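Trainee: I have not seen this structure before. Please take me through it.

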Amino acid sequence: MKKLNIIWTFLGNNKYWIVIIIGVLIVAVLDENSFYQRVKYQMQIRDLKAQIVDFKEQYERDEAQLKELKRNPKAITKIARERYFMKADDEDIFVLSEDIE
């Protein structure tokens with residue numbers, strides 16, 4: 001009974017601090033819009049912006065290559081030889097790999 005009375009007195013004297021601490025914990029950790037979630041979302045936004053930059057660079061490279069293909073028909077044979085290992089009838093193709101063991 002005496003311990004219960006001590007606990008009750010402690011809670012009565014410090015009720016504002018207890019409510020503040022519980023509120024901060026809810027906002028900081030448990031809430032859907034917590035600081036943890038906010039940091040996680042900021043990291044995700046940073047990664048997505050980096051992906052956007054990469055895709056824009058890839059788009060510009062592909063756009064330049066498409067313009068080159070439209071302008072120069074010999075570029076088609078160059079790309080076919082480099083990427084798809086196509087060859088003319090009188091040619092031999094040697095593929096060299098740089099495997100590091």
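Mentor: Start with the surface: the protein chain exposes about 10400 Å², by the Shrake-Rupley method with a 1.4 Å probe, where for residues only the protein chains shown count as cover. This is a predicted model, in which local features need pLDDT of at least 70, side-chain atom pairs count only at pLDDT 80 or more, and totals for chains, interfaces and linings use all residues. Residues are numbered from 1 along each chain as its sequence is written, and side-chain values use heavy atoms, leaving out hydrogens and water.

Trainee: What share of the exposed area do carbon and sulfur atoms supply?

Mentor: The total to divide is about 10400 Å². Of that area, carbon and sulfur atoms supply 61%.

Trainee: Which elements does the protein chain have, and why is it called more spread out than a compact globule?

Mentor: The protein chain has 4 helices and 0 strands; these are DSSP runs numbered from the N terminus, helices being H or I of at least four residues and strands E of at least two. For 101 residues the globule rule, 2.2 Å times the number of residues to the power 0.38, gives 13 Å. The chain is more spread out than a compact globule because its radius of gyration, taken over C-alpha atoms, is well over that, at 33 Å.

Trainee: Which residues of α4 are buried?

Mentor: Buried means under 20% relative accessible area (1.4 Å probe, protein chains only). Helix α4 covers residues 74–84, and its buried residues are Ala75, Ile79 and Ala80.

Trainee: What arc around the axis do they cover?

Mentor: The arc is that of the directions from the helix axis to the C-beta atoms. Those residues lie on the same side of α4, because their arc is only 140°.

Terms used. Buried < 20%, exposed > 50% of the residue type's maximum accessible area, 1.4 Å probe, protein only.
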